[in-house]
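Welcome! Work through the exercises below with the structure open beside you, and try each task before you read its solution.

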Amino acid sequence: MTETLEQTLRSAIRNIPDYPKKGIIFRDITTLLGQPAAFRRAVDELVHPYAGRRIDKVAGIEARGFILGGAVAHQLSCGFVPIRKKGKLPHDTVRIAYSLEYGIDEMEMHKDAIGVGEEVILVDDLIATGGTAEAAVKLLQRMEAVVVAACFVIDLPDLGGRSKIEQLGVPVRTLIEFEGD
Ligand code: AMP
């Protein structure tokens with residue numbers, strides 16, 4: 001019997017309790033990336049709704065969003081734009097601050113990475129509180145990109161990230177849900 005997407009992904013993702021701190025279950029996608037069939041399936045599913053539709057760029061959030069987003073961009077034959085932690089990009093950047101559990105951080109992208117009105121999808125491995133993706137969407141919207149969707153392999157629905165992104169007018173696509181944080 002062929003496995004469902006849910007079964008394939010659930011068995012390929014490794015759960016690491018109490019990492020990086022007590023009470024958090026870290027959803028480790030390195031095991032998924034290491035399994036060719038699971039990696040391909042995840043990328044195919046992320047791509048599926050946008051195949052044959054105009055997408056100009058895929059924006060990926062450092063660092064796991066680079067791996068998945070790069071594969072998605074390749075399959076859609078469109079460009080890839082890295083959204084990075086501050087200080088890593090060499091040319092002129094736009095920057096946005098966002099809240100982490102403790103304190104704030106900043107992310108940035110190159111000013112010339114996306115043209116006005118370009119159609120973009122955002123990719124990361126996981127959405128939890130949605131704070132990271134919210135900042136990335138705001139950065140893209142500030143550059144007047146049209147953010148077509150924000151796509152993640154994993155959703156932690158108990159943390160409510162999805163609605164934060166939807167409030168910005170951006171649909172959210174996720175492939176599998178895990179309870180808790
Ligand atoms: P958030 O801003 O709360 O939505 O957190 C999303 C970012 O933190 C993503 O880049 C994830 O890779 C990472 N992240 C948050 N929680 C987890 C978790 N339980 N397991 C793995 N990565 C996580």
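**Exercise 1. A loop with special geometry**

In which loop is P20 found? Keep in mind that you are looking at a predicted model.

*Solution.*
Step 1: Find P20, which is in the loop between β1 (14–17) and β2.
Step 2: Check the peptide bond that leads into P20. The bond from Y19 to P20 is cis, with omega near 0°.
Step 3: Now look at D18, which also has its place in the loop between β1 and β2. Phi of D18 is near 60°, a positive value in a residue other than glycine.

**Exercise 2. Another cis bond**

Find which residue is joined to E62 by a cis peptide bond, and say where that residue lies.

*Solution.*
Step 1: The partner is A63, and omega for the bond between E62 and A63 is about -5°.
Step 2: A63 lies in the loop between β3 (57–61) and α4 (64–76).

**Exercise 3. Around the ligand**

Describe the shell around the ligand, beginning with the residues that come nearest.

*Solution.*
Step 1: There are 15 residues around the ligand, and D124, D125, T129, G130 and T132 come nearest.
Step 2: Sort the shell by class: six residues are nonpolar, four are polar and five are charged.
Step 3: Assign residues to elements. β2 (25–28), β7 (119–127) and α5 (131–142) each supply at least two residues of the shell, and the largest share, four residues, comes from β7.
Step 4: Look for polar side-chain atoms beside oxygen atoms of the ligand. For T129 the distance is 2.5 Å, for D125 it is 2.8 Å, and for R64 it is 3.4 Å.
Step 5: Consider the ligand's surface. Taken alone, the ligand exposes 490 Å², and the protein buries 81% of that.

**Exercise 4. The pocket**

Where does the ligand sit, and what lines that place?

*Solution.*
Step 1: The ligand sits in the largest pocket.
Step 2: About 1,100 Å³ of space lies in this pocket.
Step 3: The pocket is lined by 36 residues, and L100, L126, A128, T129 and T132 are the closest to its centre.
Step 4: Two or more lining residues come from each of β2, β4 (79–85), β5 (93–99), β6 (104–110), β7 and α5. β7 gives the most, with four residues.
Step 5: Sorted by class, the lining has 19 nonpolar, five polar and 12 charged residues.

Notes: Residues are numbered from 1 along each chain as its sequence is written. This is a predicted model: local features need pLDDT of at least 70, side-chain atom pairs count only at pLDDT 80 or more; totals for chains, interfaces and linings use all residues. Side-chain values use heavy atoms; hydrogens and water are left out. A residue is near a molecule or strand if one of its heavy atoms lies within 4 Å of it. A polar contact is a pair of N or O atoms within 3.5 Å; within protein, one must be able to donate a hydrogen and the other to accept it, and residues adjacent in sequence count only if both atoms are side-chain atoms. Accessible areas come from the Shrake-Rupley method with a 1.4 Å probe; for residues, only the protein chains shown count as cover. On a 1 Å grid over the protein atoms alone, a cavity is a set of points where a 1.4 Å probe fits but cannot get out, and a pocket is an open set with protein on both sides within 12 Å along at least five of seven lines; lining residues have an atom within 4 Å of a point. A molecule sits in a cavity or pocket if more than half of its atoms lie within 2 Å of its grid points. Ala, Val, Leu, Ile, Met, Phe, Trp, Tyr, Cys and Pro count as nonpolar, Asp, Glu, Lys and Arg as charged, and the others, Gly among them, as polar. Grid points are joined across faces, edges and corners, and a volume is the space filled by probe spheres set on the points.
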